[in-house]
Amino acid sequence: MSEAGKELNILWLWPDILNQHGDRGNVMALVRICGLYGIEAKIKRVDRLTDEPVFEDADIMILGAGELAVMPRIAGALEKHSMMFTARLHQGGILFATGATGAALGVHTLRTDGSHIYGLGLLDMECREREAVLGDDLIFRIGDMNIYGSQIHMIDVSLAAGQPPLGKTVYGYGNDGGGNEGAVQNSIVFTNALGPVLVKNPWLALELINKALVHKAKGQAFEALRFRPELFRLELASAEAIRVFNERKEKPPWVHTSQ
């Protein structure tokens, strides 16, 4: 890979608006892990909804968790720049979104007061605001990779028949209690997991980094970054503690578990 491949451009979208549940830690995790592997992570913030985001060189775009009430404004800001935004997605730029921000990426959200939020339809999913917020741990599996996080759930998410989930729940509620967690479509990754999830799961962060670097290499030879357990002993120990705790604790009646 060329020297340019040793850089990663992270576009952090509206961090002071989408600022719930410590999700700014996801950006910190990407920077830390890039540093461990000799990659320079460059962060560009887009602070105001009236600012002009520069999508052209964004390798990873971050949408943190936010209040449901701001999602029409988030969807509107992205729609305003939809040509550049979707072009970057088609070119391999990765979008990582967490929490209720999925409402801005889905098709439609029905709120408890009867009002509606219309998203961009980038993910084929319908959402419904919950009468009561749900909170618990969340463990799900992507392929052979277990992901550990927490969930403070404001919307139930229903995926259309052709919309793939990001993963399958091992413990917790996920999208709607039925076993699916999140959604993935080409270079868009959405998860309900908070925590922040990339701090707790550096193996997932490394997957995102590898995916971004593959596209950045543009056909040049690329050797994927290998997960090195010795670099992440604390995170591995934390994951094991979470796993054991959730196996032993009394489970709410709604919780979905699978082995």
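## Exercises on a predicted fold

Six strands make up an open sheet of mixed pairing, in the order β2-β1-β3-β4-β12-β11, where two strands pair if DSSP finds at least two bridges between them and where helices (H or I, at least four residues) and strands (E, at least two) are DSSP runs numbered from the N terminus. The model is predicted, so that local features need pLDDT of at least 70 and side-chain atom pairs count only at pLDDT 80 or more, while totals for chains, interfaces and linings use all residues. Residues are numbered from 1 along each chain as its sequence is written, and side-chain values use heavy atoms, with hydrogens and water left out.

**Exercise 1. Describe the edges of the open sheet, its twist, and the pairing of β3 with β4.**

Begin at the edges, which are β2 (40-46) and β11 (183-185), each pairing on one side only. Next, take the twist, which averages 15 degrees from one strand to the next; axes are lines fitted to C-alpha atoms, for helices over the stretch in contact, and angles run from 0 to 180 degrees between N-to-C directions. Then turn to β3 (residues 60-63) and β4 (residues 94-98), which pair in the parallel sense over four bridges, with L95 of β4 as the bridge partner of M61. Finally, add helix α3 (residues 82-90), which packs on the sheet by touching β3, β4 and β12 (188-191) and whose direction makes about 125 degrees with that of β3; contact means heavy atoms within 4.5 Å.

**Exercise 2. Trace the partners of strand β7.**

Start with β5 (residues 108-110), which pairs with β7 (residues 125-142) in the parallel sense over three bridges; here R128 of β7 is the bridge partner of L110. Continue to β8 (residues 145-159), which runs antiparallel to β7 and is joined to it by 14 bridges, one of them linking I139 to Y148 of β8. In the hairpin of these two strands, two residues lie between the strands, and G143 takes a positive phi near 60 degrees. End with β9 (residues 167-172), which pairs with β7 in the antiparallel sense over three bridges, T169 of β9 being the bridge partner of F140.

**Exercise 3. Work out how α1 and α6 meet.**

First, note that the axes of α1 (residues 24-36) and α6 come within 10 Å and cross at roughly 75 degrees. That angle makes α1 roughly perpendicular to α6, since angles under 35 degrees count as roughly parallel, over 145 as roughly antiparallel, 65 to 115 as roughly perpendicular and the rest as oblique. Then list the residues in contact: L30, I33 and C34 of α1 meet P202, A205, L206 and I209 of α6.

**Exercise 4. Which of W14 and N186 is buried and which is exposed?**

Consider W14 first: it is placed in the loop between β1 and α1, and its phi is near 50 degrees, a positive value in a residue other than glycine. W14 is buried, with a relative accessible area of 0%, where buried means under 20% relative accessible area, exposed over 50%, and partly exposed in between (1.4 Å probe, protein chains only). N186, in the loop between β11 and β12, likewise is not a glycine and has a positive phi of about 55 degrees, but N186 is exposed, with a relative accessible area of 63%.
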